[in-house]
Amino acid sequence: QVQLVESGGGLVQAGGSLRLSCAASGRTFNTMPGGWFRQAPGKEREFVAAISWSGTTTVYTPSVKGRFTVSRDYAKNTVDLQMNSLKPEDTANYYCAARASGAYLYAGRSRDEYDYWGQGTQVTVSS
């Protein structure tokens with residue numbers, strides 16, 4: 001069974017940075033497309049960023065493009081999310097997701113496209 005564990009969340013002031021990391025166990029993350037989603041209180045879980053297993057394709061929701069960067073560390077078997085210029089509206093619980101398989105360039109934007117989920121890590125941005 002694949003398990004995903006997120007780390008790196010916390011409290012930061014507006015304009016600051018955080019780096020989230022997602023580690024997989026039970027199977028290497030290096031062959032699975034990965035994604036990040038977030039859910040704020042009272043809102044639906046929304047797409048943030050995704051990366052193909054090859055690392056060739058990255059996609060972002062418009063509100064984070066230019067501020068967030070999704071990447072893979074093949075040595076550590078992780079998918080990471082570097083978040084810069086954070087805003088109060090970025091406050092949410094951030095979830096890592098993985099898809100069991102995908103084409104070389106595949107990076108999905110929909111929750112339904114992912115098979116495995118982490119428990120989430122809280123990110124709070126103060127104004």
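Among contacts between residues at least 6 apart in sequence, what share joins residues at least 24 apart? In this protein the share is 61%. Keep in mind throughout that this is a predicted model.

**View 1. The whole chain, strands and no helices.** The count here is eleven strands and zero helices, so walking along the sequence you just read β-β-β-β-β-β-β-β-β-β-β. With a radius of gyration of 13 Å, close to the 14 Å that the globule rule gives for 127 residues, the protein is as compact as a globular protein of that length. The C-alpha trace spans about 40 × 30 × 25 Å along its principal axes.

**View 2. The surface and its charges.** About 6200 Å² of the protein is exposed, and carbon and sulfur atoms supply 48% of that area. Look next at the charges: there are 13 positive and 10 negative ones, and their mean positions sit 4 Å apart. As for what is hidden, buried residues account for 45% of the 127 in the protein.

**View 3. Inside the largest nonpolar core.** This core has 27 residues, and the members that touch the most other members are Phe29, Trp36, Leu81, Met83 and Tyr94. Strands S3 (18-25), S5 (46-51), S7 (68-73), S8 (78-83), S9 (92-98) and S11 (121-126) each give two or more residues to it. Apart from this core lies another one, made of seven residues, including Phe37, Ala50, Val59 and Ala97. As background, nonpolar side chains in soluble globular proteins tend to be buried together.

**View 4. Zooming in on Tyr94.** Leaving out residues up to four places away in sequence, who does Tyr94 touch? Going up the numbering, its partners are Glu6, Leu20, Trp36, Phe37, Arg38, Val48, Phe68, Leu81, Met83, Gly120, Thr121 and Val123. Trp36, Leu81 and Met83 should ring a bell, as they are also among the residues that touch the most other members of the largest core.

**View 5. Trp53, out on a loop.** Trp53 is in the loop between S5 and strand S6 (58-60). Is Trp53 buried or partly exposed? Its relative accessibility is 29%, so it counts as partly exposed. Setting aside neighbours within four places in sequence, Trp53 is in contact with Asn30, Thr31, Met32 and Pro33, with Arg72 and Tyr74, and with Gly102, Ala103, Tyr104 and Tyr106. For a sense of how the chain comes back around, take Ser101: Trp53 and Ser101 are 48 residues apart in sequence, yet their C-alpha atoms are 8.6 Å apart in space.

Key:
Residues are numbered from 1 along each chain as its sequence is written. This is a predicted model: local features need pLDDT of at least 70, side-chain atom pairs count only at pLDDT 80 or more; totals for chains, interfaces and linings use all residues. Side-chain values use heavy atoms; hydrogens and water are left out. Helices (H or I, at least four residues) and strands (E, at least two) are DSSP runs, numbered from the N terminus. The radius of gyration is taken over C-alpha atoms; the globule rule is 2.2 Å times the number of residues to the power 0.38. Buried means under 20% relative accessible area, exposed over 50%, partly exposed in between (1.4 Å probe, protein chains only). Contact means heavy atoms within 4.5 Å. Accessible areas come from the Shrake-Rupley method with a 1.4 Å probe; for residues, only the protein chains shown count as cover. Lys and Arg count as positive and Asp and Glu as negative; His and the chain ends are not counted. The place of a charge is taken as NZ of Lys, CZ of Arg, CG of Asp or CD of Glu. A nonpolar core is a set of buried Ala, Val, Leu, Ile, Met, Phe, Trp, Tyr and Cys residues joined through side-chain atoms within 4.5 Å.
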